[in-house]
Amino acid sequence: MGDVNRHILFLIFSLLLFASCSTKRAAMGDASVAPLVEIVSSSPAVATERTMLSGGVKLSANIAGKEVSGRGTVRIKENEGVQIGITALGLVEVACIEFLPDTLCFIYKIGKEYASLPYTSVPFLARAGLSYQVLESVLMNRVFTADGKSGTQALETMSFADEGEFVTATTDKENAVVYKFFIEKSTSNLVRSEGVYNSTAKVVCTYSEFEEIGGVSFPHIIDLSLEATGAPATLQFKLSNLDFDSFEFRRRRIGSSYDRIDIDEMLRSLSGF
């Protein structure tokens with residue numbers, strides 16, 4: 001597997017799968033917090049029903065000081081799947097990761113290899129309760145709960161706080177996974193989300209370069225970082241030519257000549273640099 005494609009696939013896997021204060025907080029039902037809830041509720045990350053997204057992407061990755069980059073495409077359709085394709089020379093797709101509602105699939109076209117497994121077979125996902133819905137929401141710039149609820153329904157069990165330039169919404173701290181969202185007061189945009197998994201790993205996602213697409217504000221740069229034991233890792237999605245228009249979601253075809261390999265073997269291949 002070529003170095004660039006291998007490194008980027010490893011970053012995506014690490015960050016999206018193992019993926020993102022003393023301030024007084026109040027729950028949604030508290031009357032004193034109503035102005036804060038109103039700000040969060042009006043954010044496009046809550047109020048807008050985005051069901052699909054497609055466009056180009058430039059990926060820039062850094063693992064322990066080693067930097068790589070590549071270009072490709074991203075396609076997301078609510079409740080159907082997320083596809084991230086890596087292309088050579090901006091023309092031919094050479095690798096793809098598919099996040100489907102019940103399955104993860106890693107496809108390396110040049111090597112004609114693939115690995116496919118259910119979310120429940122990934123120990124970290126099983127422990128943290130990380131679902132497809134959460135992964136989809138991170139890339140769609142949504143506020144969500146640990147069990148994947150989004151929209152106004154997600155706010156029902158959150159606590160809220162005024163933190164200067166931001167209003168923050170935090171999910172139930174009794175869960176193994178706690179998410180915190182930062183809504184910018186001046187724009188109502190979701191500009192940062194944090195996920196803490198069993199107090200052992202932290203995924204931070206920051207959103208910037210917001211532009212209107214069909215009257216809806218959406219970030220064109222998504223930065224993900226993984227803070228855990230071992231080497232630090234970051235991944236940036238620089239999006240372009242974004243479109244919310246309808247499309248048919250089709251899984252990548254895996255030909256009969258492809259070899260199915262064990263996920264551990266795939267991960268050793270992806271991280272072997």
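This passage describes strand β9 with its two partner strands, and then a nonpolar surface patch, in a predicted model.

Strand β9 spans residues 166-170. Of its 5 residues, 4 are buried, so the strand is largely enclosed by the rest of the structure. A residue is taken as buried when its relative accessible area is under 20%.

Strand β9 pairs with strand β8, which covers residues 159-163. The pairing is antiparallel and comprises 5 bridges. Within it, A161 has T168 of β9 as its bridge partner. The two strands form a hairpin, with 2 residues between them. In the turn of this hairpin, G164 has a positive phi of about 70 degrees.

Strand β9 is also joined to strand β10, residues 177-184. These strands run antiparallel as well, and 5 bridges join them. One position in this pairing is A169, which stands opposite F181 in β10. The connection from β9 to β10 is a hairpin of 6 residues. Strand β9 thus has antiparallel pairings with both β8 and β10.

A separate feature is found on the surface. There, L89, L91 and V92 form a nonpolar patch, and their accessible area together is about 400 Å². L89 belongs to the loop between β4 (81-88) and β5 (92-99). The relative accessibility of L89 is 83%, and this residue therefore counts as exposed, the cut-off for that class being over 50%.

Definitions and conventions
Residues are numbered from 1 along each chain as its sequence is written. This is a predicted model: local features need pLDDT of at least 70, side-chain atom pairs count only at pLDDT 80 or more; totals for chains, interfaces and linings use all residues. Side-chain values use heavy atoms; hydrogens and water are left out. Buried means under 20% relative accessible area, exposed over 50%, partly exposed in between (1.4 Å probe, protein chains only). Two strands pair if DSSP finds at least two bridges between them. Patches are made of residues with over 30% relative accessible area and no salt bridge: like charges are joined within 9 Å, nonpolar side chains (Val, Leu, Ile, Met, Phe, Trp, Tyr) within 5 Å. Accessible areas come from the Shrake-Rupley method with a 1.4 Å probe; for residues, only the protein chains shown count as cover. A salt bridge is a side-chain nitrogen of Lys or Arg within 4 Å of a carboxyl oxygen of Asp or Glu.
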